[in-house]
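The following exercises concern a single protein structure. Each task is followed by a solution in steps.

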Amino acid sequence: MNNDSTLRTDSSSLSRRSHFLLSYWWILIQLAYACLLLWPLMGRLTTHLPTVDGTCATVPLFNVWTIWWNAESALSLFSNYLNAPMFGGSNDAFVYSEVQPITLVVAPVIWLTGSRVLAYNIYLLLCLTLNGIATTLLLKDFKLSFPIAAVSYTHLRAHETSLHL
């Protein structure tokens, strides 16, 4: 009887290990797909910002500024955070903007390299990767098989992405 329980434990741990490896590979595949979507940008991560239609960079420039302000404010423990240098120096001007606190995840990129554009592009890659993972998991919750869920997200992203530098 001891051998049966050992056998069940070994196959259970093997199942968990294979599930973990599958998850690990899926994350890498999603990252590779995000890089593929942004391919024209990959060689210029420190110097170029992507735009969807090639004509207007307002949103990427605003996000670059916000990422910089969040990183800069974190160094001073957010002591004067809402008094951002925007809107002609109005008090608490950042209240009227999108503060995007999650962008602090790329603050170390700015602190180590000084490149705001690189931080933005890494943030974009991270968001696309996590979006792919989350969408696949959501579709799996709707009882779609893993391959169908994965291909659905890939197909969706490929059709809506038209990148210009």
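**Exercise 1.** Classify tryptophan 65 by its accessibility, and then examine its ring partner.

*Solution.* Tryptophan 65 has a relative accessibility of 21% and therefore counts as partly exposed; buried means under 20% relative accessible area, exposed over 50%, and partly exposed in between, with a 1.4 Å probe and protein chains only. Tryptophan 69, at 11% relative accessibility, counts as buried. The two residues lie 4 apart in helix α3, so about one helical turn separates tryptophan 65 from tryptophan 69. Helices are DSSP runs (H or I, at least four residues) and strands likewise (E, at least two), numbered from the N terminus.

The model is predicted: local features need pLDDT of at least 70, side-chain atom pairs count only at pLDDT 80 or more, and totals for chains, interfaces and linings use all residues. Residues are numbered from 1 along each chain as its sequence is written, and side-chain values use heavy atoms, with hydrogens and water left out.

**Exercise 2.** What aromatic pairs does a search of the whole structure find?

*Solution.* The search finds 6 aromatic pairs. Rings of Phe, Tyr and Trp (its six-membered ring) pair if their centres lie within 6.5 Å; planes under 30 degrees apart count as stacked, over 60 as edge-to-face and the rest as tilted. For tryptophan 65 and tryptophan 69, the ring centres are 6.2 Å apart and the planes meet at 10°, so this pair is stacked.

Phenylalanine 78 and tyrosine 81 form an edge-to-face pair, with 5.2 Å from centre to centre and 85° between the planes. Of these, phenylalanine 78 is partly exposed at 35% relative accessibility, whereas tyrosine 81 is buried at 16%. One aromatic cluster is formed by Trp65, Trp68, Trp69, Phe78, Tyr81 and Phe94.

**Exercise 3.** At what angle do helices α3 and α5 pack?

*Solution.* Helix α3 covers residues 58-75 and helix α5 residues 116-141; they pack at about 105°, with axes 9 Å apart. Axes are lines fitted to C-alpha atoms, for helices over the stretch in contact, and angles run from 0 to 180 degrees between N-to-C directions. The helices α3 and α5 are therefore roughly perpendicular (65 to 115 degrees; under 35 is roughly parallel, over 145 roughly antiparallel, the rest oblique).

Next, identify the contacts, meaning heavy atoms within 4.5 Å. Pro60, Asn63, Val64, Ile67 and Trp68 of α3 meet Arg116, Ala119, Tyr120 and Tyr123 of α5.

**Exercise 4.** How many helices and strands does the protein have?

*Solution.* The secondary structure comprises 6 helices and 0 strands. Along the sequence, the pattern is α-α-α-α-α-α.
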